[in-house]
Amino acid sequence: MRLLIVDDIPDNIRVLSQMMLCDGHEVSVATSGRQALKIAAASAPDLILLDIMMPGMDGYQTLQALRADPDLADIPVIFVTALSETEDETHGLELGAVDYITKPFKEAVVRRRVQTHLELKHQRAQLAQLAQLDGLTGLPNRRAFDRQFDLEWRRALRLGNALAIVMIDVDHFKGFNDTHGHLSGDDCLRRLAQILGRGMRRAGELAARYGGEEFVCLLPGIEAAGLSQLMEQLRVSVESEHLPHGASSASPWVTISLGAALCRPRPPMVASDLIAAADAQLYEAKRRGRNQACL
Ligand code: GH3
Ligand code: MG
Ligand code: MG
Ligand code: MG
């Protein structure tokens, strides 16, 4: 794990660095608040050990500046300081420090506390990642899609770029479940997720599970011809897996219907308009007999 040690007194830095290096951590150091902010931005440390009394920007101000920067706000900070009054400590904790250690400190205790906060940081990162994934298929989930869609929508609005989404629904999936059972249905969804995930080739393209047996693809910067081609590729790659269906009017195999919408976002359009348009096209693909794409 990467640690940033911030203290204006080189001897203090040396003592802390040696302890942390002994525990196998990577260490970078800063001797002022300003320098700490620069290094934190450049090296994204997992934890910061921060002195309070420093000339110029003190530790409290440094922590406030970290909290104000969305890229740095989540880095846990432990104050390591000679200030031992109750008010100093509560102030530091109120500002958002995860811990407060007073000098002179006991080495073993500092090492243990650092270890604890690094573990917590690691667990938080794992949870944050899990919260973005669909448990069945491993694809990004609806929450991840919504977030990415919002980002891409605003980017397209700003730059005048095209943005497309494709809504995908498995044909007669209720019949599939009734015929093969829900566990086979789950396997089928996993296979489809793999195929759709592999179909995303360009940077920024995303396939997600939208819910139930519905998937969605987010395609920034794509043009109509490329979009039609991609949808046909996805449709064919699913059908040619030859997953036996047995209860579909569309094909002996498992198939999907696709509906797409593409636009260059501009006011007063909103992101949900694109979803609604793709949904309407999906409905049309179903109406025309399924196993096809509409744009
Ligand atoms: P259509 O071609 O019109 O889309 O017909 P359909 O039967 O696929 O449509 P409908 O929405 O009636 O049924 C969707 C089915 O998908 C019903 C539900 O049991 C099944 N389903 C949704 N999520 C899951 C899942 O996670 N696992 C399994 N096995 N089935 C699911
Ligand atoms: Mg100091
Ligand atoms: Mg459905
Ligand atoms: Mg369906």
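This report describes two sheets, their helices, a ligand shell and the nonpolar cores of a predicted model.

## The mixed sheet

One open sheet has five strands in the order β7-β8-β6-β9-β10. Its pairing is mixed. The edges are taken by β7 (206-211) and β10 (293-294). Each has a single partner strand, so one side of each lacks a neighbour in the sheet.

Strands β7 and β8 run antiparallel and are joined by five bridges. Within this pair, Ala208 has Val216 of β8 as its bridge partner. Strand β8 (residues 214-220) also pairs with β6, again in the antiparallel sense, over seven bridges. There, Leu218 of β8 is the bridge partner of Ile165. Strand β9 (residues 256-263) pairs with β6 over eight bridges, in the antiparallel sense. Here Val166 stands opposite Ala260 of β9.

## Strand β6

Strand β6 covers residues 163-170, and eight of its eight residues are buried. Leu163, Ile165, Met167 and Asp169 point one way from the strand. Ala164, Val166, Ile168 and Val170 point the other way. Both sets are buried.

Which residues does Val166 touch, leaving aside those up to four places away in sequence? They are Val216, Cys217, Leu219, Met231, Leu258, Ala260 and Ala278. Ala260 thus appears twice: as a contact of Val166 and as the residue opposite Val166 in β9.

## Helices on the mixed sheet

Helix α9 (residues 224-239) lies across β6, β8, β9 and β10. It runs at about 165° to β9. Helix α10 (residues 271-287) also packs on the sheet. Helix α10 touches β6, β9 and β10, and its direction makes about 145° with that of β9.

## The parallel sheet

A second open sheet also has five strands, in the order β2-β1-β3-β4-β5. Its pairing is parallel. The edge strands are β2 (26-30) and β5 (99-102), and each pairs on one side only. Neighbouring strands are turned by 20° against each other on average, direction ignored.

Strand β3 (residues 47-50) and strand β4 (residues 77-81) run parallel, joined by three bridges. Ile48 has Val77 of β4 as its bridge partner. Helix α3 (residues 59-68) lies across β1 (2-6), β3 and β4. It runs at about 175° to β4.

## Nonpolar cores

In soluble globular proteins, nonpolar side chains tend to be buried together. The largest nonpolar core in this model has 44 residues. Which residues have the most contacts inside it? They are Ala164, Ile165, Val166, Val216, Leu258 and Ala260. Strand β6 gives the most to this core, with seven residues.

Another core lies apart from it and has 26 residues. Among them are Leu16, Val77, Val80 and Val110. Val77 is also the bridge partner of Ile48 in the parallel sheet.

## The shell around ligand 1

How many residues surround ligand 1? The shell has 17 residues. The closest are Phe173, Lys174, Gly185, Gly212 and Glu213. Strand β6 supplies at least two residues of the shell, as do α7 (173-180) and α8 (182-199).

By class, the shell holds four nonpolar, six polar and seven charged residues. Strand β6 therefore recurs in several settings: it supplies residues to this shell, gives the most to the largest core and pairs with both β8 and β9.

Conventions. Residues are numbered from 1 along each chain as its sequence is written. Chains are lettered from A and ligands numbered from 1 in the order in which they are written. This is a predicted model: local features need pLDDT of at least 70, side-chain atom pairs count only at pLDDT 80 or more; totals for chains, interfaces and linings use all residues. A residue is buried if 20 or more other C-beta atoms lie within 10 Å of its own, exposed if 12 or fewer, and partly exposed in between; C-beta atoms are placed from the backbone. Helices (H or I, at least four residues) and strands (E, at least two) are DSSP runs, numbered from the N terminus. Two strands pair if DSSP finds at least two bridges between them. Axes are lines fitted to C-alpha atoms, for helices over the stretch in contact, and angles run from 0 to 180 degrees between N-to-C directions. Two residues are in contact if their C-beta atoms, placed from the backbone, lie within 7 Å. A residue is near a molecule or strand if its C-beta atom, placed from the backbone, lies within 6 Å of it. Ala, Val, Leu, Ile, Met, Phe, Trp, Tyr, Cys and Pro count as nonpolar, Asp, Glu, Lys and Arg as charged, and the others, Gly among them, as polar. A nonpolar core is a set of buried Ala, Val, Leu, Ile, Met, Phe, Trp, Tyr and Cys residues joined through C-beta atoms within 7 Å.
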